[in-house]
Amino acid sequence: MTLSYDITKEDYFHFCMYSYDHNEAAAKQVLRVRLLYGAFILLLSLIILLFQIISNPYIYIAILWVVAISLIAGTKRSMRKTNEKQCRKQLDAGKGSEFLGLHTLELREDNMVISNAFRKSEISYDSIEKIVEDAYCMYIHCGTLSAVVLPFTAFQNEIQRTGMLEILNKKCKRLHGSN
């Protein structure tokens, strides 16, 4: 089976955002920032209590809740927005341009070959760790930092997409727990 497809800036952007959303290090970073905000809120509340800046306890509690909710609840969203801006900025600066453009994916008996204008790579089926999909693309993960991105526009129809997924699932031993 051979597929020829075009990877656009939007496909690359979706891959960046999918990677960020499913990245364990990013989740830990959000947790660290939330803990830091919690410590800041605790320190702020102690300062307010010690210096009796606000004498009405209801106003004091309301202010702390507003600060806590805005800082802690908005952390993940604001960090994701920052990542979106960085990804778009990199695309606009031309970084990742070797990733964009016309690609060809060929499924062979013992490996798959992906090629574009810049390179040709042979990927062993044994090196495939997982295959996942989101609303836009299929991602064939071949390591922690490596994935083949197949936009759904690469497939002529749903039957071709599911057929490719079945072929990959049959050939990839690691997906079934047998090494």
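The following questions and answers walk through a predicted model, from its sheet to its salt bridges.

Visitor: In what order do the four strands of the open sheet stand?

Guide: The strands of this open sheet pair in the antiparallel sense, and neighbouring strands are turned by 20 degrees against each other on average, direction ignored. β1 (2-7) and β4 (120-124) each have a single partner strand, so one side of each is left without a neighbour in the sheet. Read from one edge to the other, the order is β1-β2-β3-β4.

Visitor: Which residue of β3 is the bridge partner of L105?

Guide: Strand β2 covers residues 101-107 and strand β3 covers residues 111-115, and the two pair antiparallel over four bridges. They form a hairpin with three residues between them, and within this pairing T104 stands opposite S115. For L105, the bridge partner in β3 is I114.

Visitor: Which residue of β2 is the bridge partner of Y5?

Guide: Strands β1 and β2 run antiparallel and are joined by six bridges. In β2, the residue that partners Y5 is H103.

Visitor: What angle does the direction of helix α5 make with that of β2?

Guide: Helix α5, which spans residues 158-171, packs on the sheet and touches β1, β2 and β3. Compared with the direction of β2, the direction of this helix makes an angle of about 55 degrees.

Visitor: Is R161, in helix α5, buried or exposed?

Guide: The side chain of R161 meets that of E158 in a salt bridge of 2.3 Å, N to O, and the two residues, three apart in helix α5, are separated by about one helical turn. E158 is partly exposed, with a relative accessible area of 48%. R161, however, has a relative accessible area of 12%, and since buried means under 20%, R161 counts as buried.

Visitor: How far apart are the closest N and O atoms in the salt bridge of K28 with E24?

Guide: K28 and E24 lie four residues apart in helix α2 (residues 24-51), which means that about one helical turn separates them. K28 is partly exposed at 45% relative accessible area, whereas E24 counts as exposed at 57%. In their salt bridge, the closest N and O atoms are 3.5 Å apart.

Visitor: Which residue is linked with R80 and E84 in a network of salt bridges?

Guide: R80 and E84 both lie in helix α4 (residues 75-92), four residues apart, and their side chains meet in a salt bridge of 2.4 Å, N to O. R80 counts as partly exposed, at 27% relative accessibility. The network of salt bridges that links these two also includes D21.

Definitions and conventions
Residues numbered from 1 in each chain as written. Predicted model: local features only at pLDDT ≥ 70, side-chain atom pairs only at ≥ 80, totals over all residues. Heavy atoms only, no water. Pairing = 2+ DSSP bridges. Axes fitted to C-alpha atoms, helices over the stretch in contact; angles between N-to-C directions. Contact = heavy atoms within 4.5 Å. Salt bridge = Lys/Arg side-chain N within 4 Å of Asp/Glu carboxyl O. Buried < 20%, exposed > 50% of the residue type's maximum accessible area, 1.4 Å probe, protein only.
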